[in-house]
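Here are my notes on the model, set out as numbered points for you to read beside the coordinates. Please take them in order, with the sequence and the structure open.

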Protein chains: 2
Amino acid sequence: MISQAMEDYLKAIYKLQQTIKPVPTSALAEHMGFSPASVTNMCKKLAELNLLHYEPYQGVVFTEAGLQVALEIIRHHRLIELYLSKALNVPWDQVHAEAEKLEHVISEDLEDRMAEMLGDPQFDPHGAPIPSRNGTIFRPESESLIDMKAGNRFVVVEVNDDDSELLRYLGTIGLYPGTELLLVERAPFDGPLTLKVAGKQHNLGYQAAKSVRVAPVETSQEPS
Amino acid sequence: MISQAMEDYLKAIYKLQQTIKPVPTSALAEHMGFSPASVTNMCKKLAELNLLHYEPYQGVVFTEAGLQVALEIIRHHRLIELYLSKALNVPWDQVHAEAEKLEHVISEDLEDRMAEMLGDPQFDPHGAPIPSRNGTIFRPESESLIDMKAGNRFVVVEVNDDDSELLRYLGTIGLYPGTELLLVERAPFDGPLTLKVAGKQHNLGYQAAKSVRVAPVETSQEPS
DNA sequence: CCAAAGGTTTAGGTAAGTCTAACCTAGAGG
DNA sequence: CCTCTAGGTTAGACTTACCTAAACCTTTGG
Ligand SMILES: [Mn+2]
Ligand SMILES: [Mn+2]
Ligand SMILES: [Mn+2]
Ligand SMILES: [Mn+2]
């Protein structure tokens, strides 16, 4: 009933509706790399299945059922990423591509077994929250590094998981979720940011910094 | 280039050509549950890709390239079965269904990681040989239990992996690959077989016994 | 309140993979 | 050695999922 293509649409809609609601079909089209005509078409089908509310010219919004399906697939994706990373040592820049294919194909039983093996984990290797079995999700507060003020300390909360090259680069610097950093300086005009991570200084390009989301570090006492 | 459907055809052809060569398109059709017309159609496509030799009305035979593709998928299938069974404790009657979907979707990298984690295993949970990375396979001699003479001892070599219910039943008896058994008696006219497994006696239906392949136990000294 | 931007519809197309129904062929048995 | 039928093939059509181009409609902001 719900095809793989539909699942991918729902995932994309989930991502976009975190920013815009309702989601314009044109935004969806651009995000997915399909023509607007194709997207309108598919949205009508998904509305037919009661997964979306679709109002012509107004974009789409999830129905409760649609949201649950989306979260279900996202749970698969993120659990698989974490599982591959932990159980098979797949590098964090490769797990996303692998999960994109596996997420559509694993059984609920396998999902449960992976979750159990991992101790019902809350976050994937890129810091994204894993929806719970019953479809709830909590995303911790975070903001992009590029919007932060220089001179402050932050923890990496989440990084973009769909750019393999970028992830490999962030890995060499050590910018994993949980890592602390000091934002030393921000060059103006969307220039690079200077960071201190684990005692070492780095220049991070603007585009790279954009996909690193952080939270302020609680003003803790420096361990003497 | 090679679609999932094509992979399934090649797998089916591999199975059938162990018995009949060349493989009649009708046998393929019956095995796969498709119409003969669909199968002829696909065989022509596979021949076009140089994966099969196809002679109208004469059935199909693998080319070397086709055989390698088939073995590649079978390696995926069996590695996945063993991995799920060992790493995630998936029961042996469920691994087949799961592997049917996953086999088409895992990367070569994941295949290698699973193989490594398992120590380059030779057999899947049902006793079927796992093709090596470079496409060689060795299937140990074995014969169906129904062709064996009563009064002799055997080891289970391999069981049919595509009937979940049967596997669950064999599991309750303890008939796993490697298990020793004594064939006590064979009822005539395709009747049930009486076995002794681990000291307990069982009556195994003819159909069930058919899918259990065994080898004679070397006449070893009974441990006193 | 009207024009441009955004979105939809229509029409027509491709590519898999499947089907049914009509047809053909090989080869066994009369 | 000829015929009949089981086994195979061909033809034509359908479905799903995507595409484009071009005409058209709606919303909204200036
Ligand atoms: Mn699930
Ligand atoms: Mn991720
Ligand atoms: Mn492989
Ligand atoms: Mn198996």
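1. The protein surface at DNA strand C is a good place to begin, with the reminder that this is a predicted model. Of the 22 residues around DNA strand C, those that come nearest are Ser26(A), Thr40(A), Tyr54(A), Ser3(B) and Ser38(B). The atoms of DNA strand C that come within 4 Å of the protein belong to sugar and phosphate in 71% of cases. By class, the surface near this strand is made up of 13 nonpolar, eight polar and one charged residues.

2. Several polar contacts to the phosphates of DNA strand C can be named. The side chain of Thr40(A) places an N or O atom 2.6 Å from a phosphate oxygen of DNA strand C, and a polar side-chain atom of Tyr54(A) lies 2.4 Å from a phosphate oxygen of that strand. In Tyr57(A) it is a backbone N or O atom that takes part, at 3.2 Å from a phosphate oxygen of DNA strand C. As for secondary structure, α2 (25-32) and α3 of chain A, along with α1 (4-17) and α3 of chain B, each supply at least two residues of the surface near DNA strand C.

3. Turning to DNA strand D, 21 residues lie around it, and Phe34(A), Ser38(A), Ser26(B), Thr40(B) and Tyr54(B) come nearest. Sugar and phosphate make up 82% of the atoms of DNA strand D that come within 4 Å of the protein. The surface near DNA strand D comprises, by class, eleven nonpolar, eight polar and two charged residues.

4. The phosphate contacts of DNA strand D involve both chains. A polar side-chain atom of Ser3(A) lies 2.8 Å from a phosphate oxygen of DNA strand D, while an N or O atom in the side chain of Thr40(B) is 2.6 Å from a phosphate oxygen of this strand. Tyr57(B) contributes a backbone N or O atom, which lies 3.0 Å from a phosphate oxygen of DNA strand D. The elements that give two or more residues to the surface near DNA strand D are α1 (4-17) and α3 (36-48) of chain A and α2 (25-32) and α3 (36-48) of chain B; α3(B) gives the most, with four residues.

5. The contact between the two protein chains takes 19 residues from chain A and 19 residues from chain B. About 1,600 Å² is buried between chain A and chain B, with carbon and sulfur atoms giving 60% of that area. Leu88(A), Val105(A) and Arg113(A) supply 34% of the area that chain A buries against chain B, more than any other three residues.

6. Which residues hold the manganese ion (ligand 1)? Its protein donors are Glu72(A) (OE), His76(A) (NE2), Glu108(A) (OE), Glu108(A) (OE) and Glu111(A) (OE), lying 1.6 to 2.6 Å from the ion, and they follow the spacing E-x3-H-x31-E-x2-E along the chain. Glu108(A) and Glu111(A) are separated by about one helical turn, because they stand three residues apart in helix α6 (residues 108-117) of chain A. Glu108(A) counts as partly exposed, at 32% relative accessibility, whereas Glu111(A) is buried, with a relative accessible area of 0%.

7. The manganese ion (ligand 2) is coordinated at 2.0 to 2.4 Å by Glu81(A) (OE), Asp124(A) (OD), His126(A) (ND1) and Asp161(A) (OD). Its donors follow the spacing E-x42-D-x1-H-x34-D. Asp124(A) counts as buried because its relative accessibility is 5%, and His126(A) counts as buried at 1%.

8. In chain B, the manganese ion (ligand 4) is coordinated by Glu81(B) (OE), Asp124(B) (OD), His126(B) (ND1) and Asp161(B) (OD), at 2.0 to 2.4 Å. Asp124(B), in the loop between α6 (108-117) and β3 (143-144) of chain B, and Asp161(B), in the loop between β4 (153-159) and α7 (164-173) of chain B, are 37 residues apart, a pair that links distant parts of the chain. Asp124(B) and Asp161(B) are both buried.

9. A last point concerns Ser211(A), found in the loop between α8 (206-210) and β8 (212-216) of chain A. Ser211(A) counts as buried, at 12% relative accessibility, and a polar atom of its side chain lies 3.0 Å from the backbone oxygen of Ala208(A). Leaving aside neighbours within four places in sequence, Ser211(A) is in contact with Glu158(A), Val159(A), Asn160(A) and Leu166(A).

Terms used. Residues are numbered from 1 along each chain as its sequence is written. Chains are lettered from A and ligands numbered from 1 in the order in which they are written. This is a predicted model: local features need pLDDT of at least 70, side-chain atom pairs count only at pLDDT 80 or more; totals for chains, interfaces and linings use all residues. Side-chain values use heavy atoms; hydrogens and water are left out. Donors are N, O and S atoms within 2.8 Å of the metal (3.2 Å for Na, K and Ca); water is not among the atoms, so sites may look incomplete. Buried means under 20% relative accessible area, exposed over 50%, partly exposed in between (1.4 Å probe, protein chains only). A residue is near a molecule or strand if one of its heavy atoms lies within 4 Å of it. A polar contact is a pair of N or O atoms within 3.5 Å; within protein, one must be able to donate a hydrogen and the other to accept it, and residues adjacent in sequence count only if both atoms are side-chain atoms. Ala, Val, Leu, Ile, Met, Phe, Trp, Tyr, Cys and Pro count as nonpolar, Asp, Glu, Lys and Arg as charged, and the others, Gly among them, as polar. Contact means heavy atoms within 4.5 Å. Buried area is the accessible area (1.4 Å probe) that two parts lose on being put together, summed over both.
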